[in-house]
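I opened my notebook for a first look around this structure. Here is what I looked up, in the order I did it.

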Amino acid sequence: MRVSILDDYFDTLRTLACFRKLDGHDVTVWTDHAPDVDDLAVRLRDAEAVVLIRERTEIRTALLERLPKLLLISQRSAFPHIDVDTCTRLGIVVSSDLHAGSPSYAAAELTWALVLSAMRQIPAQVNAMRAGRWQTDIGRTLRSKTLGIFGYGRIGRVVAGYGEAFGMNVLVWSSEPSRQQAAEDGRAVAESKTGLFERSDVLSLHLRLVPSTRGIVTASDLAAMKPTALLVNTSRAGLVEPGVLVAALQAGRPGFAAVDVYENEPVLDPTDPLLRLENVVCTPHLGYVTRDEWELQFADIFDQINAYAAGSPTNVVNPEVLDHARPTPGPRGPDR
């Protein structure tokens, strides 16, 4: 199959052991980001399979309708950036392993790195030393403070364990089944979402971005937080109501934030309002970006391509498309 891989910024995939799974396919790797639909339509005009690196590029109707040869989109995790209904209408299979049973330890570790960095003001102190200054402020410890976990899924559970290891009091709010699981795990459950925001010294978001969770963190939720509290978001920017985080941080509730995700990525404007706030630690969506994590993720993604090529698509998120999927031109298989 003719496979195009988008947004591999550092040309990393070719260096992974799992890349050998694509042996025999005609593979093109794009190492820059091309958000323009016209540019993408040219790049992908001959592609039969497109590999996406999470949500770096949106695949919308205007683009899909200009890709008559496209048969398969292969990726991992959630897919709010893909117009799945359009794919179904056009006969394009979307395969995405949602890895519900396998925590992303990389994302959990990055979350904890941000917690420690923000609480001890590590980036600011490093920058101060480089500017010839010494101990410019005083940080805060985690022990005995309350760690709020909003979304008790595969990553939230791991972060809760990190909090307990640091002597924190873990408090959970999530869906009813997840709250029950938290209680079974011996963890405290907040009386309400408002209670979680009011009581947390560190509050970390770990929800999937779906229509029901978009904007679930509101201005009033943030206003209920302590002026000493830290909000951490390594999940999705869309969980927070647009525009309210900067205003809340400027108003002092919460007092601090650590953010790895943004509404429009990549963020390349150094004057972005969030980047200019001194009470925010920002990282460029690093949660899943480790070599170990990519070996796991892309082994699945490449397996999906080979499964499709063999005539047995896996992890199909739009199974109704299988009744009218686009016919594959010529013989199908990795030895094309």
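**Entry 1: the cavity.** I began with the lining of the largest cavity, and I found L52, I53, R54, R76, Y288, Q297, F298 and I301 there. I note that this is a predicted model. The volume of this cavity comes to about 30 Å³. I also checked how many cavities of 30 Å³ or more there are, and the count is one. Which element gives the largest share of the lining? I found that helix 11 does, with three residues.

**Entry 2: helix 11 and its sheet.** I followed helix 11 (residues 291-309) next and saw that it lies across strand 1 (2-5), strand 3 (49-51), strand 4 and strand 5. Against strand 4, helix 11 runs at about 155 degrees. I then traced the open sheet of five strands, which has the order 2-1-3-4-5 and parallel pairing. At its edges I found strand 2 (26-29) and strand 5 (93-97), each pairing on one side only. On average, neighbouring strands of this sheet are turned by 20 degrees against each other, direction ignored.

I looked closer at one pair: strand 4 (residues 72-76) and strand 5 run parallel and are joined by five bridges. As a landmark I picked Q75, whose bridge partner in strand 5 is S96.

**Entry 3: the other sheet.** I moved on to an open sheet of seven strands, in the order 8-7-6-9-10-11-12, again with parallel pairing. Strand 8 (188-189) and strand 12 (280-282) each have a single partner strand, so one side of each is left without a neighbour in the sheet. Within this sheet I checked strand 6 (residues 146-150) and strand 7 (residues 169-173), which pair in the parallel sense over five bridges. Here I noted G148, with L171 as its bridge partner in strand 7.

What packs on this sheet? I found helix 4 (residues 105-119), touching strand 6, strand 9, strand 10 (230-233), strand 11 (256-259) and strand 12. The direction of helix 4 makes about 150 degrees with that of strand 10.

**Entry 4: a histidine.** I ended with H206, which I located in the loop between strand 9 (202-205) and helix 9 (219-223). Is H206 buried or exposed? I put H206 down as buried because its relative accessible area is 10%, and the cut-off for buried is under 20%. The side chain of H206 makes a polar contact of 2.7 Å with that of S204. Beyond four places in sequence, I listed contacts of H206 that include T111, I149, F150, G151 and T234.

Conventions
Residues numbered from 1 in each chain as written. Predicted model: local features only at pLDDT ≥ 70, side-chain atom pairs only at ≥ 80, totals over all residues. Heavy atoms only, no water. Helix = DSSP H or I, 4+ residues; strand = E, 2+ residues; numbered from the N terminus. Buried < 20%, exposed > 50% of the residue type's maximum accessible area, 1.4 Å probe, protein only. Polar contact = N/O pair within 3.5 Å; in protein donor to acceptor, adjacent residues only side chain to side chain. Contact = heavy atoms within 4.5 Å. Pairing = 2+ DSSP bridges. Axes fitted to C-alpha atoms, helices over the stretch in contact; angles between N-to-C directions. 1 Å grid on protein atoms, 1.4 Å probe; cavity = no way out; pocket = protein on both sides within 12 Å on 5 of 7 lines; lining within 4 Å. Points joined across faces, edges and corners; volume = space filled by probe spheres on them.
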